[in-house]
Amino acid sequence: MTLSQSPIEHRSASAGTTRLSIDLDAFAANWRKMRDLSGSARCGAAVKADAYGIGAEVAAPRLAREGCRDFFMADANEGAQLRPLLPDARIYVLNGVFEGSFAQTLAHDLVPIINSPAQADFWCSNADNRPYALHIDTGMNRMGLTPEQAVTHSQSGAPSPCLVISHFACADEPGHPMNARQVKLFEGLKPCFAGIEASLANSGGIFLGSSCHHDLTRPGIALYGGEPGAHRPNRMQTVVTAETQVLLIRNAKAGESVSYGAAHVLTRDSRIAVCGVGYADGFHRSASGAGVPLRSAVPQGTCGAINGVQIPVIGKITMDLTMFDVTDLPEAAINAGDWVELLGPTITLEQAACAAGTISYELLTSLGRRHTRSYLG
Ligand SMILES: *Cc1c(COP(=O)(O)O)cnc(C)c1O
């Protein structure tokens, strides 16, 4: 028996049935593009959530070699993991500081981004003048002091922050009135923090133009190949390619059904490629070909691609397995052992996210740990 006739053998012959290939040269090129677009502002990088799933311990040192000095992590655990790899970088902790993370913040020389008057009191009375950043809320109602609280803080005699930040709510929509409103509020507070660096723009904000760049920018999604603007062609290079292996090809008859719930009923005699990927790999069940009522915006499920030709998912995506309709392909075009693209040059992050009823950020950060990973560059 050859491998192509024996799914069991080729399963064991490879490390797994899903693989990710991460193009670090494209990643670095995306950072240089954001750096250039940031004009005279320094360009940092959001590498939180394991660098949006691509691996912070590989991604962050690569950016440091490109000249990036400012890294944004979600919490002190993430910051502490990066510190040995980035001995000279400034590592900011977006979630700030609280009693449980105080020792780690100091031990790893992390810069907490203070998000409330209580965090400010705690840091300023315990941290012995160590640097901190201050987040001012200008419209998210998520993290940060209100503008009034920020003014009060600036007049309190507390040590000054090393950086003042705010965060856009609608940077992916260039025409949204929130953007100008947030810029105006942020600028209005600058006199209270004279001589202190300011940072407002995420990826989308960088594309909004120089009035948003200030001293430091904080791109995330664009570095990983996601398009930061809504409803427009992708301007970034593809970083992540995800693929799954065809385990077997089966023939089924018109009138039969496919997968759980018998939700997809075949309208023609069909060839089905059964592949070794599922929702446990971040291939979301909501991207199923049928039977998931939650996804209303796009009625059809997601697609894979083989040699650049798209093949639709058929029936419900299961934990470890997904079926694709390959009836329209010539028989020789797909065989057990072949690899089907799930994300990459043919299936963009935005297309796959839309078909799953979610956004590129969630797709990347939920890719899971079962993929065999390789890094190019
Ligand atoms: C995640 C995050 C960023 C990066 O945002 P992108 O939209 O991915 O570019 C920047 N700033 C803050 C406060 C964040 O939480």
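This report walks through confidence, sheet layout, aromatic pairs, charges over rings and cysteines in a predicted model.

## Confidence

Let's begin with how far the coordinates can be trusted. The mean pLDDT for the chain is 94, and 94% of the residues reach at least 70. The weak spot to keep in mind is residues 1–13, where pLDDT stays under 50. For that stretch the model has 14 contacts beyond four places in sequence. Where pLDDT is low, the predicted coordinates should not be read in detail.

## The sheet

Seven strands make up an open sheet, and they pair in parallel. Reading across, the order is 3-4-5-6-7-8-9. Strand 3 (45–46) and strand 9 (197–199) are the edge strands, each pairing on one side only.

At the strand 3 end, the partner is strand 4 (residues 70–73), and two parallel bridges hold the pairing. If you want a residue to click on, try Ala46: its bridge partner in strand 4 is Phe72.

## Aromatic pairs

The model has seven aromatic pairs. One of them is Tyr52 with Tyr361: the ring centres are 6.0 Å apart and the planes meet at 40°, so this pair is tilted. It ties together distant parts of the chain, since Tyr52 belongs to helix 3 (residues 48–52) and Tyr361 to helix 12 (residues 360–365), 309 residues apart. The two rings' residues also have their own solvent labels: Tyr52 is buried at 7% relative accessible area, while Tyr361 is partly exposed at 34%. Both belong to a cluster that ring pairs build from Phe27, Tyr52, Tyr224 and Tyr361.

Phe102 and Phe122 make an edge-to-face pair, with 5.3 Å between centres and 70° between planes. Here too distant parts of the chain are linked: Phe102 is in helix 6 (residues 99–107) and Phe122 is in helix 7 (residues 117–126), 20 residues apart. Phe102 is buried, with 16% relative accessibility, and Phe122 is buried as well, at 18%.

## Another look at helix 7

Helix 7 also holds Gln119. Is Gln119 buried or exposed? Its relative accessible area is 15%, so Gln119 counts as buried. Setting aside neighbours within four places in sequence, Gln119 is in contact with Asn95, Gly96, Val97, Ile113 and Ile114.

## Charges over rings

Two arginines are worth a look if you care about cation–ring geometry. Arg19 has its charged end over the ring of Trp339, 3.8 Å from the ring centre. Arg235 does likewise with Phe207, where the charged end is 3.9 Å from the centre of the ring.

## Cysteines

How many disulfides does the model have? The count is zero. Cys275 is in no disulfide, and the nearest cysteine sulfur, in Cys303, is 13 Å away. Cys275 is also buried, at 0% relative accessibility.

Why is Cys354 not bonded to Cys303? The closest cysteine sulfur to that of Cys354 is the one in Cys303, and at 12 Å the two are too far apart for a bond; the cut-off for a disulfide is 2.5 Å between sulfur atoms. Cys354 is partly exposed, with 40% relative accessible area.

Note on methods: Residues are numbered from 1 along each chain as its sequence is written. This is a predicted model: local features need pLDDT of at least 70, side-chain atom pairs count only at pLDDT 80 or more; totals for chains, interfaces and linings use all residues. Side-chain values use heavy atoms; hydrogens and water are left out. Rings of Phe, Tyr and Trp (its six-membered ring) pair if their centres lie within 6.5 Å; planes under 30 degrees apart count as stacked, over 60 as edge-to-face and the rest as tilted. Helices (H or I, at least four residues) and strands (E, at least two) are DSSP runs, numbered from the N terminus. Buried means under 20% relative accessible area, exposed over 50%, partly exposed in between (1.4 Å probe, protein chains only). A charge sits over a ring if NZ of Lys or CZ of Arg is within 6 Å of the ring centre and within 35 degrees of the ring normal. pLDDT is the predictor's confidence in each residue, from 0 to 100. Contact means heavy atoms within 4.5 Å. Two strands pair if DSSP finds at least two bridges between them.
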